[in-house]
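Hi,

Here is the structure I said I would pass on. Have a look at it first, and then read my notes underneath.

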Amino acid sequence: MTLDRAVMMFAGFMVLLSVVLTALVSPLWMWLTVFIGVNLIQSSITGFCPAAMVLKKLGFKAGTAF
């Protein structure tokens, strides 16, 4: 799996997790979804993605975006 696909999978998992936490625990978990969205927007503009940096250190091979 390339780094690009791993980042997309991680982002999707985090969005789904935040939806479940919002529905089952507290509406305040919606802020996690907001944070994920803002991070996706800023990484598309700047190319800086903290999740990509962590996943690269875990050994994922580079893709075309990161």
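Below is what turned up, starting with a pair of helices and then moving to a pocket.

Keep in mind that this is a predicted model.

First, the helices. Take α1, which covers residues 3–24, and α3, which covers residues 50–57: they pack together with their axes 10 Å apart and an angle of about 125° between them. Angles from 65 to 115 degrees count as roughly perpendicular and those over 145 as roughly antiparallel, so α1 and α3 are oblique to each other. Their crossing is right-handed.

Which residues make that contact? On the α1 side you will find Leu3, Ala6, Val7 and Phe10, and they meet Ala51, Ala52, Leu55 and Lys56 of α3. Sorted by class, the contact holds seven nonpolar residues and one charged residue, with no polar ones. The charged one is Lys56.

Now the pocket. The largest one has a volume of about 180 Å³. Its lining includes Val7, Phe10, Ala11 and Met14, along with Leu32, Phe35, Ile36, Asn39, Leu40 and Ser43, and also Cys49 and Ala51. Two elements, α1 and α2 (30–46), each give two or more residues to this lining. The most comes from α2, with six residues. By class, the lining has 10 nonpolar residues, two polar and no charged. The polar pair is Asn39 and Ser43.

One link between the two parts is worth a look on screen: Val7, Phe10 and Ala51 take part in the contact of α1 with α3, and these residues also line the largest pocket.

Cheers

Conventions
Residues are numbered from 1 along each chain as its sequence is written. This is a predicted model: local features need pLDDT of at least 70, side-chain atom pairs count only at pLDDT 80 or more; totals for chains, interfaces and linings use all residues. Side-chain values use heavy atoms; hydrogens and water are left out. Axes are lines fitted to C-alpha atoms, for helices over the stretch in contact, and angles run from 0 to 180 degrees between N-to-C directions. Helices (H or I, at least four residues) and strands (E, at least two) are DSSP runs, numbered from the N terminus. Angles under 35 degrees count as roughly parallel, over 145 as roughly antiparallel, 65 to 115 as roughly perpendicular and the rest as oblique. A crossing is left-handed if the near helix is turned anticlockwise from the far one by less than a right angle, and right-handed if clockwise. Contact means heavy atoms within 4.5 Å. On a 1 Å grid over the protein atoms alone, a cavity is a set of points where a 1.4 Å probe fits but cannot get out, and a pocket is an open set with protein on both sides within 12 Å along at least five of seven lines; lining residues have an atom within 4 Å of a point. Grid points are joined across faces, edges and corners, and a volume is the space filled by probe spheres set on the points.
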